[in-house]
Amino acid sequence: MIDSVNKLVVRLGNSFTTLEKREEEYNIESEKLKKYQKLLDFVNFDVKKLNKYDDQTLIKDAVIAINGTIKDYDAACYLLDSDDENVALLPQYRNSKAYLEMIMNYLKGMRDKLNNSVLELESECANMKLSKKYFEILSEENPFVKDIDEFIYLLDRESLDLKDRNMIVSYIIKSNVSNYKNNN
C-alpha cells in the first residue's frame, strides 16, 4: 500500500471512533423529537388543547422551564376551558391564553432545536459511516471501490492535497483493474 493511502486510512480510522455514541445520541434525540412533534400535531396551534393531551410530561417540563408553576398552568387551562362567555371577557382569560401561548412557543422552540440537533447528528453519523466503510475497504490488501462517485466525495471531504489525491485515485484504479482481472 502506498504512503498516501496509509495516511488516509489512519485519518479515516480516527474519524469514526465515536460512531456508536453518536448513533445512540441520534436515536435518543429522534425519540424526543417524535414526542414533541406528536404533542404539537395533537394541539395543532390550539392552546385550549394543551391540557387535553394524554402525556402531560413535556408540557409540565415546559412550564417549569419558563419559570412557571403547575398551579398557574392548571388555572390557565381551567379558565380557557370555560364555556361561559363572561369568563372570556376577563383580563385573566387573556393572560391565561398568553401564558399558554408562551408554553406553546417554548414547545415549538424545543421541537425546532431537537430537529436541528437530529439533522446534525444524522449528517455526522453518515460521515462517520462513510469513513468507516472506506477505512475497511482501504485497509484490505487489494481494495475494491464500487462507488467511485462516493469515493471521490470522500476524497473531497477529506481535503487532500492534489498529489496525494491523484496517487490515491491512481492506486484505486489499478487495484480495481486488478480485481476485475482476477474475478473474470
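Author: Let's start with a yardstick: buried means under 20% relative accessible area, exposed means over 50%, and partly exposed is what lies in between. Keep in mind that this is a predicted model.

Reader: Okay, so why is Glu150 called partly exposed?

Author: Glu150 comes out at 24% relative accessibility. Partly exposed covers the stretch between 20% and 50%, so Glu150 at 24% gets that label.

Reader: And what makes Glu150 and Lys133 a salt bridge?

Author: The test is a side-chain nitrogen of Lys or Arg within 4 Å of a carboxyl oxygen of Asp or Glu. Here the closest N and O atoms are 2.5 Å apart, so the pair passes. Glu150 sits in helix H7 (residues 148-157) and Lys133 in helix H6, so the bridge ties together parts that are 17 residues apart in sequence. Lys133 is partly exposed too, because its relative accessibility is 35%.

Reader: Which residues are joined into one network by salt bridges that share partners?

Author: That would be Arg11, Arg157 and Glu158. Searching the whole structure turns up twelve salt bridges.

Reader: How do you know that Glu124 and Arg22 form a salt bridge?

Author: Same yardstick: the cut-off is 4 Å, and their N to O distance is 2.8 Å. This pair links distant parts of the chain, with Glu124 in helix H6 (residues 91-139) and Arg22 in helix H2 (residues 19-43), 102 residues apart. Glu124 is called partly exposed because it has 25% relative accessibility.

Reader: What about Arg111 and Asp112, what makes them a salt bridge?

Author: Their side chains meet at 3.0 Å, N to O, and within 4 Å is what's asked for. Asp112 has a relative accessible area of 39%, so it counts as partly exposed.

Reader: Why is Leu114 called buried?

Author: Leu114 has a relative accessible area of 7%. Buried means under 20%, so Leu114 fits the label. You'll find Leu114 in helix H6.

Reader: Which residues is Leu114 in contact with, leaving aside its neighbours within four places in sequence?

Author: Those are Glu29, Lys32, Leu33 and Tyr36. As for Glu31, its C-alpha is 9.8 Å from that of Leu114, and the two are 83 residues apart in sequence.

Reader: Last one: how many disulfides does the structure hold?

Author: Zero. To count, a pair of cysteine sulfur atoms would have to be within 2.5 Å.

Reader: And are Cys77 and Cys125 buried or exposed?

Author: Cys77 is buried, because its relative accessible area is 4%. Cys125 is buried as well, at 5%.

Technical notes
Residues are numbered from 1 along each chain as its sequence is written. This is a predicted model: local features need pLDDT of at least 70, side-chain atom pairs count only at pLDDT 80 or more; totals for chains, interfaces and linings use all residues. Side-chain values use heavy atoms; hydrogens and water are left out. Helices (H or I, at least four residues) and strands (E, at least two) are DSSP runs, numbered from the N terminus. Buried means under 20% relative accessible area, exposed over 50%, partly exposed in between (1.4 Å probe, protein chains only). Contact means heavy atoms within 4.5 Å.
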